[in-house]
Amino acid sequence: MEKEQIINYLKQTPHIKHTLCEMKRFFKIDKLNKILLEMKKEHLIFQNAKKEFLTIEQAGMIVGKLSINRSGMGFIDDEKKGSYKIDQKDLQTAMNGDIVVIQRFKKSFWAKVIAIKQRALDKLVGTIDTS
């Protein structure tokens, strides 16, 4: 319930700088720091360089299912904003079918993986070649 309240507050008040001090003034929650940290780890919110809390949309991030072609190029299709290409070097450890958070590069349809929200595979069997 508290997490939903925080997300709704961030969405409804985009004109306010949502710093920790401002959030503490508005929310009378004892463990606000802990909740905000959990939300950041779950990639429900982000904190920018100015220490302001933002929703995924406000931060310019997109969540989607990753598709990777044979050449290693990744793609995310977003119904609202179009399709984004992700270079192999920007995939981090994401694999085909994972649900990922991406950040697009300014004024382009290229993006990079910021975080993996959900893995498509629970188990992976293979051989590691260190040569």
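Lys3, Glu38 and Glu42 form a network of salt bridges in this predicted model. Within it, the contact between glutamate 42 and lysine 3 has its closest N and O atoms 2.8 Å apart. This pair connects distant parts of the chain, since glutamate 42 sits in the loop between H3 and S1 and lysine 3 in helix H1, 39 residues away in sequence. Both partners are partly exposed: glutamate 42 has a relative accessible area of 36%, and lysine 3 has one of 24%. Neither value reaches the exposed class, because that class begins over 50%.

**Other salt bridges**

The whole structure contains 5 salt bridges. Side chains of opposite charge can pair when their charged atoms come close. Three of the pairs are set out below.

| Acidic residue | Basic residue | N to O distance |
|---|---|---|
| Glutamate 42 | Lysine 3 | 2.8 Å |
| Glutamate 52 | Lysine 17 | 3.9 Å |
| Aspartate 98 | Arginine 119 | 2.9 Å |

Glutamate 52 and lysine 17 are joined by a salt bridge of 3.9 Å, N to O. Glutamate 52 belongs to the loop between S1 and strand S2 (53–55) and lysine 17 to the loop between H1 and H2, so this pair ties together parts that are 35 residues apart in sequence. The two ends differ in their surroundings: glutamate 52 counts as buried because its relative accessibility is 12%, while lysine 17, at 56%, counts as exposed.

Aspartate 98 pairs with arginine 119, with 2.9 Å between the closest N and O atoms. Aspartate 98 is in the loop between S6 and S7 and arginine 119 in the segment after strand S8 (110–118), so the salt bridge ties together parts 21 residues apart in sequence. Aspartate 98 has a relative accessibility of 1% and therefore counts as buried. Arginine 119, at 33%, counts as partly exposed.

**Overall architecture**

The secondary structure of the protein consists of 3 helices and 8 strands. Their order along the sequence is α-α-α-β-β-β-β-β-β-β-β. Along its principal axes, the C-alpha trace spans about 55 × 35 × 25 Å. The protein has 131 residues, of which 34% count as buried.

**Helix H1**

H1 covers residues 2–12. Its buried residues include Ile6, Ile7, Tyr9 and Leu10. These residues lie on the same side of H1, because the arc they cover around the axis is only 160 degrees. Glu4 and Gln12 are exposed on the other side of H1. An α-helix has 3.6 residues a turn, so residues three or four places apart point the same way.

Lysine 11 is also part of H1. With a relative accessibility of 47%, lysine 11 counts as partly exposed. Together with Lys80, Lys81 and Arg104, Lys11 makes up a patch of positive charge on the surface.

**Loop residues**

Most residues other than glycine have a negative phi. Histidine 43 is not a glycine, yet its phi is positive, at about 60 degrees. Histidine 43 is placed in the loop between H3 and strand S1 (45–47). Its relative accessibility is 18%, so histidine 43 counts as buried.

Glutamine 92 also has a positive phi, near 55 degrees, in a residue other than glycine. The loop that holds glutamine 92 runs between strand S6 (82–86) and strand S7 (99–104). In contrast to the buried histidine 43, glutamine 92 counts as exposed, because its relative accessibility is 55%.

Lysine 31 is located in the loop between helix H2 (20–26) and helix H3 (32–41). At 55% relative accessibility, lysine 31 counts as exposed. Its C-alpha is 26 Å from that of methionine 61, and the two residues are 30 positions apart in sequence.

Terms used:
Residues numbered from 1 in each chain as written. Predicted model: local features only at pLDDT ≥ 70, side-chain atom pairs only at ≥ 80, totals over all residues. Heavy atoms only, no water. Patch = residues over 30% accessible without salt bridge, like charges linked within 9 Å, V, L, I, M, F, W, Y side chains within 5 Å. Areas by Shrake-Rupley, 256 points an atom, 1.4 Å probe, with all protein chains shown as cover. Salt bridge = Lys/Arg side-chain N within 4 Å of Asp/Glu carboxyl O. Lys, Arg positive; Asp, Glu negative; His and termini not counted. Charge placed at Lys NZ, Arg CZ, Asp CG, Glu CD. Helix = DSSP H or I, 4+ residues; strand = E, 2+ residues; numbered from the N terminus. Buried < 20%, exposed > 50% of the residue type's maximum accessible area, 1.4 Å probe, protein only. Arc of directions from axis to C-beta.
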